[in-house]
Amino acid sequence: MVGFTAALGVYIVASQLGNFLGIASASGSLPAMLGETLRHLGDTQPWVALVAAATLVVGAFSSRLLPRIPPMLVAMILGSALAFALNQALGDGKTGLRTLGPIPGAFPPLSAPDLSPATLRSLLGSALAVAMVALTQSLSIAHAIALKSGQRLDNNQEFIAQGLANVTATFFSGFPTSVSANRCGLNYDTGAKTPMAAIFSALLLVALVLALAPLLAYLPIAVVAGLLLLVAWNLVDVPRIHAILATSRG
């Protein structure tokens, strides 16, 4: 589990390096992402890297100066302010600072699952494969987070929760869902203790989409990359890795 958690951190870093440096990056396997990033390393945009690095540093140290304010929030606000100031002074064409862009400010349409025999036959094999991969990923990430938090994990409850989430998603034009390494790491780093954190996050997300979607469109991608790299670093339990390596050598 320690190795899996560290691997998640490495994967998040690899997936966000392109956004962190303002260069083209590929999606998919770890070698593909790293290879594409290395090939375009000479195209690094310094202003993008500056904003991403500033976001990362502020997020890492703000808890010492402002312990009552979530460090991720401080880093997002200050990183976005820096990006805005650079774009105003130099122009976004020179800085290369891209934003998330327009976000739909509406709920997905309601839908009903197609349970006809023909549809079930055509999707059964793929559905089983997706379910197995999703459950394996969910349990791995859940165990990794539980190892860091010291909580006891009930695998049956995880299966039931994921099944209910996927059944519910079919009525809201959803697609198969699973656990997200990025969101789980961020949830843990911000101090979440119970499943109510996910419920409050969902309610806040609905409010943001409906009320603040135009503002979220201006959130710099470099800021998001900086925040995710901070999450990735927190997923790597360096002291525990050292202890395991020392034990294996002994």
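The secondary structure of the protein chain comprises 12 helices and 0 strands. The model described here is predicted. Along the sequence, the chain accordingly reads α-α-α-α-α-α-α-α-α-α-α-α.

**The chain as a whole**

The table gathers overall values for the protein chain.

| Property of the protein chain | Value |
|---|---|
| Box filled by the C-alpha atoms, along the principal axes | roughly 60 × 55 × 40 Å |
| Buried share of the 250 residues | 28% |
| Accessible surface | about 15,400 Å² |
| Part of the accessible surface belonging to carbon and sulfur atoms | 70% |

Contacts can also be viewed by separation along the sequence. Of the contacts between residues at least 6 apart in sequence, 73% join residues at least 24 apart.

**Helix α11 and residue T55**

Helix α11 covers residues 221-235. What span should its 15 residues have at 1.5 Å a residue? The expected value is 21 Å, and the end C-alpha atoms lie 21 Å apart, so the two agree. Helix α11 is mostly covered, with 12 of its 15 residues buried. Among these buried residues are I221, A222, V223, A225, G226 and L227. The list of buried residues in α11 also includes L228, L229, L230, V231, A232 and L235.

Residue T55 belongs to another part of the chain, namely helix α3, which runs over residues 46-65. Is T55 buried or exposed? Its relative accessibility is 1%, and buried means under 20%; T55 therefore counts as buried. Which residues does T55 contact, once its neighbours within four places in sequence are left aside? They are A75, G79, V223, G226 and L227. Of these contacts, V223, G226 and L227 appear again among the buried residues of α11.

**The second largest pocket**

Rolling a probe the size of a water molecule over the atoms reveals where empty space remains. The second largest pocket holds about 820 Å³ of space. Two elements each give two or more residues to its lining: α6 (117-149) and α7 (155-169). The greatest contribution comes from α6, which supplies 10 residues.

In total, 26 residues line the second largest pocket. Those lying nearest its centre are L123, A127, N166, T170 and P176. How many of the lining residues are nonpolar, polar and charged? The lining divides into 15 nonpolar, 10 polar and 1 charged.

How values were computed: Residues are numbered from 1 along each chain as its sequence is written. This is a predicted model: local features need pLDDT of at least 70, side-chain atom pairs count only at pLDDT 80 or more; totals for chains, interfaces and linings use all residues. Side-chain values use heavy atoms; hydrogens and water are left out. Helices (H or I, at least four residues) and strands (E, at least two) are DSSP runs, numbered from the N terminus. Buried means under 20% relative accessible area, exposed over 50%, partly exposed in between (1.4 Å probe, protein chains only). Contact means heavy atoms within 4.5 Å. On a 1 Å grid over the protein atoms alone, a cavity is a set of points where a 1.4 Å probe fits but cannot get out, and a pocket is an open set with protein on both sides within 12 Å along at least five of seven lines; lining residues have an atom within 4 Å of a point. Grid points are joined across faces, edges and corners, and a volume is the space filled by probe spheres set on the points. Ala, Val, Leu, Ile, Met, Phe, Trp, Tyr, Cys and Pro count as nonpolar, Asp, Glu, Lys and Arg as charged, and the others, Gly among them, as polar. The expected span of a helix is 1.5 Å times one less than its number of residues. Accessible areas come from the Shrake-Rupley method with a 1.4 Å probe; for residues, only the protein chains shown count as cover.
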